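The following exercises concern one protein chain and its ligand. Please study the sequence and the structure before reading each solution.

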Amino acid sequence: MTKEQKLKSIADTLAKDMSLPLKEGATNDVPGTGSANADVVFIGEAPGKHEDEKGVPFCGAAGKFLDELLASIDLTREDVFITNIVKHRPPENRDPKPEEVQAYWPYLEQQLAVIEPKVIVVLGRHSLARLMPGLGTISMLHGRAFKKQNRTYMALYHPAVALYNGGMRKVLLEDFQKLGILLKKLNIKK
Ligand code: URA
């Protein structure tokens, strides 16, 4: 099986998994999008209204800004893989509960095992808490790279924070430049 086929198979299993806690209220599964061969994977929190309607992560206002951030370092969605910790929309966009994060965790683990990214970018504090536990808060860690086993992790503020805090827009643009430098250093090509 190719990596694409393996990702499709994970998405098919997700679609049939009625045990998932947020499945019942969801319109669509939002497994992830982008290249199965990506060197960089972006991991957000959970789908929102637009993502639930379309089955595509980061396709609303925060996603538009994410596209802009990617373009600022000469990347497109097709160059990377974008997914979330939780693959269905929580009701009223509330924070995912720990047991929900736990229930979806095997799907993220399987996706990462297939893609084998060199760099994982965690977007926001929920993703940070799960993927880089115990290291510190997002305000301490954003824009810094951490090596764990054969992967490099970088935490960034969630793009949605820039929608209601203009100063954060600048911070995110600056942190993306740091990500761009990291990718160059690691010799990661498109
Ligand atoms: N916020 C997220 O964390 N993920 C999405 O897919 C959209 C908004």
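**Exercise 1.** Determine which polar contacts join the ligand to the protein.

*Solution.* Begin with the side chain: a polar side-chain atom of histidine 158 lies 2.7 Å from an oxygen atom of the ligand, where a polar contact is a pair of N or O atoms within 3.5 Å. Taken alone, the ligand exposes 240 Å², of which the protein buries 90% (areas by the Shrake-Rupley method with a 1.4 Å probe). Turn next to the backbone: a polar backbone atom of glutamate 45 is 2.8 Å from a ligand oxygen atom, and a polar backbone atom of phenylalanine 58 is 2.9 Å from a ligand oxygen atom.

The model is predicted, with local features requiring pLDDT of at least 70 and side-chain atom pairs pLDDT 80 or more, while totals for chains, interfaces and linings use all residues. Residues are numbered from 1 along each chain as its sequence is written, and side-chain values use heavy atoms, without hydrogens and water.

**Exercise 2.** List the residues around the ligand and state how they divide by character.

*Solution.* Counting residues with a heavy atom within 4 Å of the ligand, one finds Gly44, Glu45, Ala46, Glu51, Pro57, Phe58, Asn84 and His158. This shell divides into three nonpolar, three polar and two charged residues; Gly counts as polar.

**Exercise 3.** Describe the secondary structure of the chain and its overall dimensions.

*Solution.* The chain has eight helices and six strands, taken as DSSP runs (helices H or I, at least four residues; strands E, at least two). Their order along the sequence is α-β-β-α-α-β-α-β-α-α-β-β-α-α. Finally, the C-alpha trace spans about 40 × 40 × 30 Å along its principal axes.

Notes
A polar contact is a pair of N or O atoms within 3.5 Å; within protein, one must be able to donate a hydrogen and the other to accept it, and residues adjacent in sequence count only if both atoms are side-chain atoms.
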